[in-house]
Amino acid sequence: MKAVHIKDLEGPSTVSVVDAAPPVRKDGDVLIDVHAAGVSFPEVLQSRGRYQVKPDLPFIPGAEVAGVVAEAPADAAVRVGDRVAALPFLGGFAEQVACSADAVFPIPDSLGFEQAAAIPFNYLTAHFALRRRGRLEPGETVLVHGAAGGVGTAVIQVAKAFGAGAVYGVVSTPEKGEMAVAAGADEYVLADGFKDAIKTATGGRGVDLVADVVGGDRFTDSLRCLAADGRMLVIGFTAGSIPEVKVNRLLLNNLDVVGVGWGAYALGRPGYLQGQWEDFLPKLSAGAIVPPLGGSYALAEVRDALEAIDNRKAMGKLVLRVRD
Ligand SMILES: NC(=O)c1ccc[n+]([C@@H]2O[C@H](COP(=O)([O-])OP(=O)(O)OC[C@H]3O[C@@H](n4cnc5c(N)ncnc54)[C@H](OP(=O)(O)O)[C@@H]3O)[C@@H](O)[C@H]2O)c1
């Protein structure tokens, strides 16, 4: 089968498409004919050995896919021929992948494979961040950093679908701001000077939640954007540096800084991912969540997709068309 290989740790430019042996389905796994795969920031990190998951080389990356069930255990909730999205976490950039049945999800007929492939990784992260870790209540306001990116657009859409009030996107360019608004944000502000812009937009009150995938030197100003009782969700560090926090800022306004480590949490709790999907599926079926795609690439163009993310050019979610 055709598959993408990471064979060294030199970054996106040496990632290649190879002929690889198809996966062997183990007990409890579902074998999926992959039609599309989502591309995310962690795959760029993996191409340099900078992600927390470090498989032996060479390996097939690809955390999330959409496709058709080719083989399934007798007791699985899905059957041969079902259209599904899935979270193999690795191996998804290939014509076939084997995935634990616990991480295979039915998709509505209305959803195309490319959009379905955009959902599991980012939207279940956003769901965990906002609902479980952030304790989002209806009407609460949310600020989203990296708001035109994969996780950012997912946070915007999940926040809105689960009843948030105003959602503000923080972005580096007006073009990205338009993408955040198209995804459902009420307003965007530019990263440069975002604290003052948010204070103005909220009449001085600030927001109830900040979702941060960027980290770096924005952190203290993000805390200053929080209203009393506010929660700061630490999701990622695309800026490259890990912020430090002076905890007196938390005491003064009763703020929480909350870690969001969705993968480890979900994998350690059988059934958790299926519970998330059950909560999520009605929103998908009703069309309340439609992931904005920023680019669709043939499998052979995988480097272009990874480089777009690496060069901060990507907007919305990028997907690979595995079977053109
Ligand atoms: N905690 C979890 O469970 C979890 C789960 C999934 C992903 N993540 C993490 O979430 C982060 C975002 O992933 P993603 O797929 O949404 O990435 P993405 O689509 O590339 O979006 C990231 C955004 O970060 C912003 N950014 C700021 N400084 C940047 C820099 N120096 N280089 C690149 N981007 C920069 C960019 O927005 P502007 O240009 O507008 O600033 C960009 O749109 C990653 O760190 C990933 O590892 C965490």
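This passage describes strand β15 and the ligand site in a predicted model.

Strand β15, which spans residues 317-321, is mostly covered, with four of its five residues buried. Two strands pair with β15. Strand β14 (residues 293-298) runs parallel to β15, and the two are joined over five bridges; within this pairing, leucine 293 has lysine 317 of β15 as its bridge partner. Strand β3 (residues 29-39) pairs with β15 in the antiparallel sense over four bridges, and here glycine 38 is matched with valine 319 of β15. The parallel pair also belongs to a β-α-β unit: β14, helix α11 (residues 302-310) and β15 together form this unit, which is right-handed.

The ligand is surrounded by 24 residues, of which Gly150, Val151, Ser172, Lys176 and Val260 are the closest. By residue class, this shell comprises 13 nonpolar, eight polar and three charged residues. Polar atoms of the protein approach oxygen atoms of the ligand at several positions. A polar backbone atom of valine 151 is 2.7 Å from a ligand oxygen atom. For lysine 176, a polar side-chain atom lies 2.7 Å from an oxygen atom of the ligand, while the corresponding distance for a polar side-chain atom of arginine 218 is 3.3 Å. The ligand taken alone exposes 920 Å², and the protein buries 90% of that area. Two or more residues of the surrounding shell are contributed by each of the elements α1 (41-46), α3 (120-133) and α4 (150-161).

Note on methods: Residues numbered from 1 in each chain as written. Predicted model: local features only at pLDDT ≥ 70, side-chain atom pairs only at ≥ 80, totals over all residues. Heavy atoms only, no water. Buried < 20%, exposed > 50% of the residue type's maximum accessible area, 1.4 Å probe, protein only. Pairing = 2+ DSSP bridges. Right-handed = clockwise from strand over helix to strand, strands pointing away. Near = heavy atom within 4 Å. Polar contact = N/O pair within 3.5 Å; in protein donor to acceptor, adjacent residues only side chain to side chain. Areas by Shrake-Rupley, 256 points an atom, 1.4 Å probe, with all protein chains shown as cover. Nonpolar A, V, L, I, M, F, W, Y, C, P; charged D, E, K, R; others polar.
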